Amino acid sequence: MSGLLPVEEAQARLLALRTPLAAENIAVSASLGRYLSQDVFASRDQPAAALSAMDGYAIRFADMPGPWTITGEIAAGAAPDRTVGPGEAMRIFTGAMLPGGADTVILQEDVAAAGVALALTGDGPGARGRHIRERAGDFAAGTRLLAPGTRMGAGAIAAAIMGGAGEVRVGSRPRVAILTTGDELVAPGRTLAPGQIPNSNGAMLAAMLAAVPADVALPLHMRDDRMSIASAIKELARHHDVIVTVGGASVGDHDHVRGALDDAGGRLDFWKIAMRPGKPLIAGAIGEALLLGLPGNPGSAFVTATLFLLPLIRHLAGAANPLPAIRQAPLDAALAAGGARRDYLRARVDGGALHMFDSQDSGQTVPLIEADALLIREIGAPPRAAGAIADYIAIA
């Protein structure tokens, strides 16, 4: 197995082939799934003033246990028009500004109002400052809310907007072309002749890429012809940041991707990884475009896309941590010793434990239906008993 690259080295070399793409400004509301290219700082305090956290009455705690005289009402979005003096209370609603002089909100369930008279009927607030959201309790102006490389999720979008941002600067979306190869492959839904199989890989990869910020062209298919593949690669490189080929990455007479990359004027960076499935993986460049050649078996294509294609797209889009996170869980059954390559075994997390599927045939798609994890078995790892802690990667 000499000459096979370790997975981590191959990942590092792939990401080093090109720096992240240029950044652009977009509306915060349109930034879901994008990666920040610069800090987001708060331009305001949140909240900008002390607010009531509940419906009730604004009082001075020193006046407990009452009674009080109701002197007005404050709704959310309105500024108080007077202060609260000794023995006074103002009706207040959730999110409304606390009036001057008040330091506590008493819940409406704990009092009874009769005209302007207010009397305590329950336990009351118990301490000064209860049921109040203090000014800048969430964050203060000048706080760094989000760092470069952060993925914009729903919470990040809310925080950026609350901090005063209308736009954010994010990495551009990589343009990705999918090129499947193979004489035996037929478009989905077409009638099959003997020896032919449906081409599932193009649609599978497009579906996987939907989870990352990328502009993905409709999958293109080529027969096993080196000249045609080279011509397609050369043309795709003019308009895309990444070309991902599927199939034709091994050493058979009909595996032409490596040779086609040379013919198209590209350069090979590395080939063959110490992993299973997915050993015959190709990485290179042609002009400014990167080429990633995945093996053709669906299981192999899925695993290598998880470990290399998706991290590459996240890297180009500006992610701070583009590689998949390694998690841990106990095994629900014994695991045999590792071999000469690192294994990524399709598995399911069931009841908090890792359940490995019986079949790990890379040509099968059924295990991918229920799989939500890739169980990692290291090179030469000793056998492990049920209950032993194992590493895995979560997959969709």
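1. T143 counts as partly exposed in this predicted model, because its relative accessibility is 30%, a value that lies between the 20% limit for buried and the 50% limit for exposed residues. T143 belongs to the loop between β10 and β11, the latter strand covering residues 144–146. Once its neighbours within four places in sequence are set aside, the contacts of T143 are with V40, F41 and A42. A396, by contrast, is 253 residues away from T143 along the chain, and the C-alpha atoms of the two residues are separated by 34 Å.

2. On the overall form, the protein has 396 residues and a radius of gyration of 30 Å, whereas a compact globule with that number of residues would be expected near 21 Å. The C-alpha trace spans about 95 × 50 × 40 Å along the principal axes of the protein. A reader inspecting the model should keep in mind that these values come from predicted coordinates.

3. The secondary structure consists of 7 helices and 27 strands. Among the contacts that join residues at least 6 apart in sequence, 71% connect residues that are at least 24 apart. As for burial, 47% of the 396 residues count as buried, and the accessible surface of the protein comes to about 18000 Å², with 53% of that surface belonging to carbon and sulfur atoms.

4. Helix α6, which runs over residues 298–316, has a kink of about 50° that is centred on A305. The helix is mostly covered, since 19 of its 19 residues are buried. After α6 comes G318, a residue with a positive phi near 105°.

5. Which residues does T304 touch, when those up to four places away in sequence are not counted? The list is made up of M275, P277, G278, L281, L294, P295 and L309. T304 is itself part of helix α6, and it counts as buried because its relative accessible area is 0%, under the 20% limit that defines burial.

6. P277, one of the residues touched by T304, is found in the loop between β20 (275–276) and β21 (282–286). The peptide bond that leads from R276 to P277 is cis, with an omega near -5°. The contact list of T304 also includes M275 and G278, so that anyone examining this cis bond in the model may wish to view it together with helix α6, where T304 is found.

7. A second cis peptide bond worth listing joins G66 and P67, with an omega of about 0°. P67 lies in the loop between β4 and β5, and P65 is found in that loop too, with β4 covering residues 56–59 and β5 covering residues 68–74. P65 counts as exposed because its relative accessibility is 52%, which is over the 50% limit. P65 and L120 are 55 residues apart in sequence, yet their C-alpha atoms are 6.4 Å apart in space.

8. Is H131 buried or exposed? H131 counts as buried because its relative accessibility is 19%, a value under the 20% cut-off. The residue is placed in the loop between β9 (117–120) and β10 (132–133), and its phi is near 65°, which is a positive value in a residue other than glycine.

9. K272 likewise has a positive phi, of about 80°, although it is not a glycine. K272 is found in the loop between β19 (267–271) and β20, and it is partly exposed because its relative accessible area is 23%, between the limits of 20% and 50%. The charged end of K272 sits over the ring of W271, at 4.4 Å from the centre of that ring.

10. R91 is placed in a comparable way with respect to a tyrosine, for it lies over the face of Y57 at 5.2 Å from the ring centre.

11. How many aromatic pairs are there? The count comes to 0 aromatic pairs, by a rule that requires the ring centres of Phe, Tyr and Trp to lie within 6.5 Å.

Note on methods: Residues numbered from 1 in each chain as written. Predicted model: local features only at pLDDT ≥ 70, side-chain atom pairs only at ≥ 80, totals over all residues. Heavy atoms only, no water. Bend = angle between axes of the 7 residues up to and from the residue. Helix = DSSP H or I, 4+ residues; strand = E, 2+ residues; numbered from the N terminus. Buried < 20%, exposed > 50% of the residue type's maximum accessible area, 1.4 Å probe, protein only. Phe/Tyr/Trp six-rings, centres within 6.5 Å; stacked < 30°, edge-to-face > 60°. Lys NZ or Arg CZ within 6 Å of the ring centre and 35° of its normal. Rg over C-alpha atoms; globule rule 2.2 N^0.38 Å. Contact = heavy atoms within 4.5 Å. Areas by Shrake-Rupley, 256 points an atom, 1.4 Å probe, with all protein chains shown as cover.
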